[in-house]
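Student: I'd like a close look at the ligand and what lies around it. Take me through it slowly, and carry on into the packing of the rest once that part is clear.

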Amino acid sequence: MITGGAGYVGTMLAHKLAKKSKKVIIFDTFWYGDPKILFKDCFADLIIEKADIRDLERFKKVIIDNKVDAIIHLACVSNDPSFELDPKLGKSINFDCFESLVKISKDNGVKRFIYASSSSVYGVKEEEQVTENLSLEPLTDYSKYKALCEDILLKYNDKNFVGMIVRPATICGYSNRLRLDLSVNILTAHAYFKNKITIFGGEQFRPNLNILDMVNFYFKSLEYDSYLINGEVFNVGYENLKIKDIALLVKKVVKKNFQIETTSSNDNRSYRITSKKVEKILNFRPKFTVEDAIQSLYQSFKNGIIIDPFNSKFFFNVEVMKNFHDKK
Ligand SMILES: NC(=O)c1ccc[n+]([C@@H]2O[C@H](COP(=O)([O-])OP(=O)(O)OC[C@H]3O[C@@H](n4cnc5c(N)ncnc54)[C@H](O)[C@@H]3O)[C@@H](O)[C@H]2O)c1
């Protein structure tokens with residue numbers, strides 16, 4: 001079962017699992033799209049539960065009825081601006097219900113629980129090699145609750161209930177449920193549709209991971225030997241790049257003569273992560289680059305799969321969330 005399985009990452013993961021004939025349940029509120037559209041090529045192969053993870057009775061029933069053996073927990077209010085829009089809502093989804101979800105899973109036969117944390121839990125580090133054992137200094141509530149949930153999961157794992165924590169870099173590349181509020185994706189969209197990229201400073205590093213590698217990793221996480229992952233935390237990232245270098249990669253791929261404007265910035269926060277542990281212990285090496293991700297986005301724009309994204313809320317989580325507020 002994938003909670004948040006209708007999100008940016010979850011949609012692509014569900015496609016991959018369905019293709020490999022796994023029985024997949026999507027447990028999601030479907031804030032960002034209609035399941036029949038998101039999963040048009042594999043809808044018949046999925047079990048769709050349009051539900052809120054805070055509905056614990058429903059969560060339990062779905063696990064029991066379907067004899068769920070593994071959960072990949074992606075559902076959350078998934079960036080700082082959306083979280084800050086309504087911190088109470090964000091906390092209720094990202095933190096308050098988390099311990100109950102873990103307990104219910106463990107008590108009802110789930111054998112493996114994979115938790116999507118974030119590499120933002122480290123905050124800004126002086127060290128160039130940001131490894132899993134460095135202290136966590138989250139700078140925002142979104143990151144703080146990610147870190148607190150990690151501690152909760154680690155209290156419950158044992159030989160019958162495997163808990164693994166994943167700290168992904170920022171994801172990039174095309175998805176059926178595309179997010180354009182992520183650094184590589186937004187720069188590519190600006191270049192293509194607005195003929196201009198503005199970068200603030202540009203010297204700051206960002207850790208990146210192609211969505212195809214993220215999906216491969218979650219897929220494999222269902223199959224790794226328990227003893228290798230139980231109670232473990234893994235950074236999963238690939239290229240740490242300066243924002244200005246991402247802009248140059250965009251320029252290389254998007255064959256347009258657009259402008260890159262650099263303005264000064266007081267925000268010189270740099271983030272990078274090291275993913276040597278996942279390579280050493282799980283032999284996991286990303287295969288797809290940031291340039292591949294830009295290429296996938298560029299093709300989707302050029303081929304008219306994505307049209308006029310700046311006039312649609314769909315691509316920007318905070319805009320969709322604002323819409324909920326306006327309707328309240
Ligand atoms: N995308 C990234 O760059 C990135 C980086 C690091 C970590 N992560 C983490 O990975 C996970 C997936 O990220 P994403 O980019 O796919 O996010 P996303 O926002 O696209 O997807 C989140 C999904 O969760 C669902 N959801 C939200 N609240 C829910 C609730 N109460 N009940 C049921 N469903 C609910 C939404 O409808 C959405 O489909 C998140 O936990 C995110 O924090 C993402």
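Tutor: Let's get the residue classes straight before anything else: Ala, Val, Leu, Ile, Met, Phe, Trp, Tyr, Cys and Pro are counted as nonpolar, Asp, Glu, Lys and Arg as charged, and the others, Gly among them, as polar. Sorted that way, the shell around the ligand holds 18 nonpolar residues, seven polar ones and five charged ones. Keep in mind that this is a predicted model.

Now to who sits where. The ligand has 30 residues around it, and the ones that come nearest are Y8, D28, S78, Y142 and R179. If you want to place the shell on the fold, start with α1 (8-19), α7 (141-156) and β7 (170-172), each of which gives at least two residues to it.

Next, the oxygen atoms of the ligand. The side chain of D28 has an N or O atom 2.6 Å from a ligand oxygen. Two backbones come into play as well: G7 has a backbone N or O atom 3.2 Å from an oxygen of the ligand, and for W31 the corresponding distance, again from a backbone N or O atom, is 3.4 Å. As for how enclosed the ligand is, on its own it would expose 820 Å², and the protein buries 98% of that.

While you're in this stretch of sequence, have a look at F30, in the loop that runs between β2 (24-28) and α2 (35-38). Its phi is near 55°, which is positive, and F30 isn't a glycine. F30 has a relative accessible area of 8%, so it falls under the 20% limit and counts as buried. K67 makes a nice contrast. K67 has a positive phi too, about 50°, and again isn't a glycine, but at 72% relative accessibility K67 is exposed. You'll find K67 in the loop between α3 (56-66) and β4 (70-73).

Helix α3 is where N66 belongs. N66 is buried, at 18% relative accessible area, and its side chain reaches back to the backbone oxygen of V62 at 2.9 Å.

On to the aromatics. A search of the whole structure turns up 16 aromatic pairs. Take F193 and F301: their ring centres are 4.8 Å apart and the planes meet at 65°, and since anything over 60 degrees is edge-to-face, that's what this pair is. F193 sits in helix α8 (residues 183-194) and F301 in helix α13 (residues 290-302), so the contact ties together distant parts of the chain, 108 residues apart. The two partners don't share the same degree of cover: F193 is partly exposed at 26% relative accessibility, whereas F301 is buried at 3%.

F217 and Y224 give you another geometry. Their centres are 6.0 Å apart with 45° between the planes, which makes the pair tilted. Both ends are buried here, F217 with a relative accessible area of 0% and Y224 with 12%. If you'd rather look at a group than a pair, F98, F113, Y115 and F161 make up one aromatic cluster.

Rings take part in another kind of contact too. K16 places its charged end over the ring of F219, 5.2 Å from the ring centre. K251 does likewise with F258, and there the distance to the ring centre is 4.9 Å.

Let's finish at N235, in strand β10 (residues 232-236). N235 is buried, with 0% relative accessible area, and its side chain has two polar partners worth clicking on. One is the side chain of Y122, joined to it by a polar contact of 2.6 Å. The other is the backbone oxygen of V130, which the side chain of N235 reaches at 3.0 Å. Then turn to S275, which is 40 residues from N235 in sequence, yet their C-alpha atoms are 5.2 Å apart in space. S275 lies in the loop between β12 (259-263) and α12 (276-282), and with 15% relative accessibility S275 counts as buried.

Methods
Residues numbered from 1 in each chain as written. Predicted model: local features only at pLDDT ≥ 70, side-chain atom pairs only at ≥ 80, totals over all residues. Heavy atoms only, no water. Near = heavy atom within 4 Å. Polar contact = N/O pair within 3.5 Å; in protein donor to acceptor, adjacent residues only side chain to side chain. Areas by Shrake-Rupley, 256 points an atom, 1.4 Å probe, with all protein chains shown as cover. Helix = DSSP H or I, 4+ residues; strand = E, 2+ residues; numbered from the N terminus. Phe/Tyr/Trp six-rings, centres within 6.5 Å; stacked < 30°, edge-to-face > 60°. Buried < 20%, exposed > 50% of the residue type's maximum accessible area, 1.4 Å probe, protein only. Lys NZ or Arg CZ within 6 Å of the ring centre and 35° of its normal.
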